[in-house]
Structure formats: C-alpha cells, structure tokens
Amino acid sequence: MLRARSETPPPVDDILYGPDSLVWDWQDGDLGDEQREHAPTSAPDVERVDQDMWWPWPNRKTCLMDVMGAFPRALFSESELTAARWLAGRMGSIHLPSIRKIKLTREAVLRVAGVNPRLFKGKCGHLYAVNDLSTIIAHDFANPLVREQVSTYAEDSGNRLDHPGEARTKEATLDTLHTQWKAALRGAPSSVDKLATETGTKDKYLQHFVDILQSKLSMRCEEQMESSTTSAMKTRELEGKIERLRAEWPDNVFNPFLQLPELDMHCDSPVEILHVVLLGVVKYFWRDACSRQTHEGKRILKTRLSSVNVDGLGISPLRGHTLVYYAGSLVGRDFRGVLQVAPAVLRGLIPDAAYEAWLSLARMAPLIFQPDIQDLARYKTQLSEAITDFLAATALWTTQWFNKPKFHLFVHLLQHILRFGPASIYATEVFESYNYVIRLRSINSNKRAPSLDIAHSCSHLHVVRHLISGGYVTCDTSGKMISPRQAGDGVLALLDDKEVLDFMCMRDIARSPGSSAGQCTPITAKTNDGPTALRPREDTMTAASGVPISLLPSTVSVSQSVILQNTDLAKCGSVVAIQRKENLTERLPNGVPEIASVDEIIADPDTHMLVGALVTKCVVGPQKLPYQMPLCRLVEDSPEASSERFFVTISELLACLNTYHDCQAHACAISRTRTVIQERERTSEFDEEIVHACCPEDRILNMAQLCSAEVLSPFRERVPRYPGRTISDVIPDAMRIREQLRQEAERKKQDAQNKKARQSRKNATPVASSTPMIGQPGLTEHSGTPLVDSTPWGKDPPPLEAEGDISPQHVIGHPCHPPPVPASQSTPPVFSRTTSPSRYTC
C-alpha cells in the first residue's frame, strides 16, 4: 500500500473511516499488484505503509466488519452483515471482503487470542461447551486497562469471625451422602428423599443416579410379579442388577466440588444478596403488604408509589399500578425501588408490627449493599445491631417467616463480609444482565450445537475486546508462539471511537474512574433572545448571593444537572451531601457532611465542566415518627437563608441524597390533578397524586437509600432499636405473640364455620308456595305481600348480631322480628335480597 508522506499523521477518524479511493486508499489491503503499479510515483517521499496497521486482521475493512459481529448487545447475524455490506457497497465502498472471507479471517484471529472452546460430557450424560478460564484470566492480567482494575485477595486476611452456631463441614456432608447412597444400594432408593429431609442435605448430582436406580428396580419388580421364582431368587436377581448398574457408573457419584481440597462449599459460598434480600425478604414482605390491602388500600398505595420522590435513588419514577397489582410478577429491579421507599408509602396501611419489620429492614439493607467500607470497626457494630433488630422485629411480627431458610442466612452475613469483602462485590444482580448477551448468541445459532455455538461466539467477543483494549498476545495468526505484542495501531485507535466503545460496552473500561465527574448538561429551554443557558455572570443567582464574581467566567452556562464524583446526577433542587474544605479541621472535625439543596449549577460555556454550584444548607433534626428517620428541613428563600448559602466545587459535592415529604404530620391528601401522558403526548385525562399543599419544605432524610450509605452513616441512630436485647431475649415474646395469632386464627376459623352453618340452614328453609322465592328475578317492585317464612325455627333464633352490621330487623322470615310496616304505607314493603344471602333491601 502506498501513500504520500504527510507532515502530520492522519486524524483518528481518517484512519478508521477515511475516504475510499481506488489508488490512494492507503488503508485498503485488497488492491491488486497491477493497481499498485499504476499508482503515481512522482509524489515526493512515497513510502510503503506499515502492513502491521490492522494486525491480526489483514486490512481495515475486514477488521471493522469482523468487529461488527462482536458487539455484545447489538449482535449482527450473517444475513445482517450481508445487508450492511450491500449498503456500504451502494454508498461507494469498494473491495469489501465477503462474508466467507471474514469468517476465514476470524478463525485466524481466534488463533491469536481465542479462549479455546472445548466440548465436555458430564457424568450425567449431558454435552456442554466450556471456554478456557485460565486463558481468560491470563488475558486480563496481560491487559493494561483491565489489570489496574483487578483486585486480588490476600491468602489469609487474619480477620475472620467464628461461625455463628454450629456450621456444617465438608466431612459431615460427605458422611450424610454416603449414608443415603448406601440406603439406595440396599434396594431402597425411595428412602433417600426421607433421609435428605431429615438431615437437610440433598445432592442433585447424587439424585441423578438414585432416580435411574429407582426406575430400573421398579421396572424389574414389575417383571418379577409375573414370575413364579422364589423370593430369594428375586432378591438375588435385584442385587445383581444393582451391582451391574453400579459398575457402569463413575466411582464418585457425589458433587465433584466436594472432592476439591481447596474449596469448602459450606464456608466458601457467601450470602448472595440479590436472592436473599431483594428476591427474598423484600419480595415476601411486599407480597404480604399488597395482599392485605382492600380496594381502597391498593388505590392509596398505588398513588403514594407514583407520587413519591425518587431523586437521589438512582432509579426511574415508580409505576405504582404495576408494583401493587402485579406484585407477584416483579423482578429484582422493582424490589430495589420498593425497598427504598417502603417506609414512606406503607405507613398506616399495614399492622404496626409489620411496619416495624419494614423499618428494621430499611435500616439494615443500606449497610448490606454498601460497596465501600471505610471504618470497619464501626461498620461491624452497625451491621450486627441492624441484623439483630431485623430478626427481632420479624419474630415479634410473626415467627412463621422463619420457615423461610433465607432468614437464617442473615446470621452468617457479617462473617462472609469480613472474609470476602462487601456483599455487593459478589452479588449476582449485575451479572444477571449478561443473560441477554448469551440469549442473543443462542438466537443466532442454528440450534444444532447451541452450547458450542455460544462458546465460539463468546470467544470471538473476548478476542475483539482484548485486542481493541490493548491486550498483549503471544501467538500469531498461525498459532505459533511469538514475543508479546499488541494489535496494530489501527485496531488500537478504535479505543478512541466513542461509538465503538458503546457498542462493545467498554465505555467504563476505557475511561479512568471519575473522568466524567463535573460534566454538566446545559438548560435546553429557549427564548426569543436565544438559549437561556448562556448569560453574563452578573445575571446569575450565584452573583446575587454575594459570591465573588471573580470566581466565575465573564460568561457562564447555567446548567440543569451535573455528574458528581460518585457518578450521581445532581439537578437543581436536588438534596446533596457536601464536605466543605474549611470544615474538615474547624467546625466538623469528625468529617460529618452537611446536607444542602442545589440552587444553581454554573458551568464553563466552552467545556461544559462545572465551575461551582450554589447550595443552601438544610437543617437536620431528630428522629421523626413513625418513619424513625431524621427530619430534613429545606431553608425557605428568605434574607436569612442567604447566610446559609455556599458556593462549592465538584470536590466538595459528595453524593445525592433522597428526601420525601413528611405527609404523616401534614395529612397530605390525594387529588386527581396529574396529567396522564400516553404515547409521549399529554392528554386531557387526569390521574391521582399526592399533593403536598402544606409545608413542602418539611422533609424526611431517607436512610433507606442503598447508594451513598457510607455518606449517611454519621446520621444513623447510634442506639439500636432493641437495646440490650438479644435474639434469645426476644424468643419468649415472639412465642407469646405466636400463640395469640394462633388463637385468633382459630377463632376466625370457628366464626367462619358457624356463619357458613347458619347460612346453610337459611338456604335450606322452605318457603310457602304462594310466596315468590327470595332472589327471584324481577323481585324489586312492591307486590303488596310481605315475604315471611312460614316455617318456625326449631330452636331459639341464632345470634344474628354476630354477623357484623346485620341485625334481626334486616332479615325477612325471622319469627320473632317481623318486618316493620311504615305508617305512610297502606301495605308493607317488599324486601329483595342483595349480593349477600343474609342481606335484604327495600
């Protein structure tokens, strides 16, 4: 390939997407020798371009088209690549590689940095493909961008807690499984389930062989029923059958992980907070709360959810209708939102004991999801007390929750955090999103070898990510060992393409942590004079508040939001935690942050980076009932408020916080005033919402928010909810409450049975033939004759008052209480039955 020497190297866009030219397209490696001979040679200082530019791909076009097939969440099938190739050809591109050539080149690239997918056959007979884990780990350590973000654990941290209670051991589990297996080999495979229930130990791997043994023996026993041989011969035949089956199976019929000396599943399997917290207790509690609601209760709960403030929680506005009426079909993302707003929306809608359990869960969850632990000693105390309070509150609500095994796992949570680090590190909530990536690969497979197709596709994805991000390799395209090297400069230049990074889901890897901090979004509203974002510094609220204008550029950009250092998005009106530099050593020696509301965001008009934000300090008060969270009063816009205003920089903005209105104190009402939006259009219809008409500045600092838990730690109540009480102390009270609930349930059951019996007797009572049957269609008009039961009661009348608001005078046919006849009527009124069999109306 030839090109004229230039004084400066071509820009990145020209390298990646330069104009296609028959002769001068210096990136094109498909030009024939004849075309190169006709290239002009009179240009000064003509040089041959480095053939290594797009290694390990042969040229730019082949590289880019192959990379298109490795986008994790925008996968191109072969037919879609063919369509893209056709479009590029129609747009003027020439010498585009065929799909077959791309596939052949991909095989060579996979030899450079592939992860060697292999097919295995499991002991249960299933075939599955596996990529080489050791190669993946080696590539991560050989990648400069990835290696700096990889953290390794010390072999022995020396800071572990003793097992709370008597934990199981690998040896005890193996002994239990051996007992189950011996019982199955004695000809009683059906007893394995009973043994597993008694011991709580069940091995799905072992169960596979037990099920086969059960099926084979059952079939043989049915055949022996028709045989005339003796019982002893039948027994010996079954024993021989068992021996032959055992000889066909592997020596180890237990879970292979039990044979690894480096792994003990009993202590090396930490609590997984997605399924234990969000899809565990939060799901249980939320379904219980929704099932308790009447039609009116669901309407109130739905409106509260749709109206609650979610600013600072990092989630979208909640859909109350979905969360309430489809409580049985929610996912982890939904329960994450429910958990953080439950104290605000459930007050008054559930029993006090249930609400107390919700509050204890809201105090514990932020500590569990905390990604960074600065003060380990304080964290251990807070989490230990929070777990004790949660289990105590749950027990004082009802001990039936402890039939769910997930509640027991909280006892081991602190031990696992001290050993493996913050629980959010090994939560599967993030990794479950990758199921979509795998599903795309399965969709584009022909399903003849789905596992192998997915493995090969993931290997190709790994290769592209490794090479683009600058990873080193030690093999060439033929598979031979070479000195460590990176991909060509053209391939590495793709790391500067924002669209490629988005398609490859590599935006966070390519940029350093915190590189987006301070980026502002200008106000987009416009007036007749032009954009309102740009204005002189003298026309800002910041200048009017007394901030020295020398701190501001002559022209500023007033923005609507800014990205903080912890990636939170702060908007005008948001509540934030700030740490002013002068307070670190003077007024706040312990580093307790201040709470403030954002009034104005000032950015540089050229770079759109934050210059500073004008904030007003909030007043944080004591714990507020029933929320048991601190008050947070926003200072009104008044002359006194100017003294509490500060101009802070990006380094002083710590995090966004969530607050919600104190509706309990101000009795906020529901109003049908919210405009309904359909198809992104405002309609003339209205929906219900909570209107904060009184004291909107009175807020509650939401201590249940999962993000920024470390910032809120100083505001947590230092005294536990149940001070000085352990789980053992709570057990007597819990048992007493359990007995009360049992007696109440028995009473309700007996009342329902009595009511049903009385109703059956009423329905079975005959009616005079001359009188129309009660409930007969059309029996709503006055017929001139009262409906009176002609058959007297065999015994004393039953106590109808016990049925609620039904009194004897409401019932027709009661021999002691005939229907009254109004004085204004010449004939008594006729009563007709309503929806309830024992209720009648005139």
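Colleague: How far does the backbone nitrogen of K61 lie from a polar atom of the side chain of N59?

Modeller: Happy to help, and keep in mind that this is a predicted model. N59 is found in the loop between strand 2 (46–48) and helix 3 (60–68). The side chain of N59 also makes a polar contact with the side chain of T62, at 2.9 Å. For the backbone nitrogen of K61, the distance to a polar atom of the N59 side chain is 3.3 Å.

Colleague: Is N59 buried or exposed?

Modeller: Let's look at its relative accessibility, which is 2%. Buried means under 20%, so N59 counts as buried.

Colleague: Which helix gives the largest share of the largest nonpolar core?

Modeller: That core has 87 residues, and F285 and W286 are among those with the most contacts inside it. The largest share, 13 residues, comes from residues 273–291, which form helix 12.

Colleague: How many residues of helix 12 are buried?

Modeller: Good thing to ask next! At the start of helix 12, a side-chain oxygen of E272 comes to within 3.1 Å of the backbone nitrogen of L274. The helix is mostly covered, and its buried residues number 16 of 19.

Colleague: Where does helix 12 bend?

Modeller: Helix 12 runs over residues 273–291. Its axis turns by about 35°, and the place of that bend is K283.

Colleague: Which tryptophans does F285 touch, leaving out residues up to four places away in sequence?

Modeller: F285 is one of the residues with the most contacts inside the largest nonpolar core. Its partners include A357, L361, F390, T394 and F407. The tryptophans it touches are W358, W397 and W401.

Colleague: How far apart in space are I242 and L185, C-alpha to C-alpha?

Modeller: I242 sits in helix 11 (residues 231–248), and it is buried, with a relative accessible area of 9%. I242 touches L185, and also G187, L213 and L217. Although I242 and L185 are 57 residues apart in sequence, their C-alpha distance is 6.7 Å.

Colleague: Why is C668 in no disulfide?

Modeller: A disulfide is a covalent bond between the sulfur atoms of two cysteines. To count here, the two sulfur atoms must be within 2.5 Å. C668 is in no disulfide because its nearest cysteine sulfur, that of C663, is too far for this cut-off, at 3.7 Å.

Colleague: How many disulfides does a search of the whole structure find?

Modeller: We have just seen that C668 is in no disulfide. Searching the whole structure gives a count of zero.

Technical notes:
Residues numbered from 1 in each chain as written. Predicted model: local features only at pLDDT ≥ 70, side-chain atom pairs only at ≥ 80, totals over all residues. Heavy atoms only, no water. Core = buried A, V, L, I, M, F, W, Y, C linked by side-chain atoms within 4.5 Å. Buried < 20%, exposed > 50% of the residue type's maximum accessible area, 1.4 Å probe, protein only. Helix = DSSP H or I, 4+ residues; strand = E, 2+ residues; numbered from the N terminus. Contact = heavy atoms within 4.5 Å. Bend = angle between axes of the 7 residues up to and from the residue. Polar contact = N/O pair within 3.5 Å; in protein donor to acceptor, adjacent residues only side chain to side chain.
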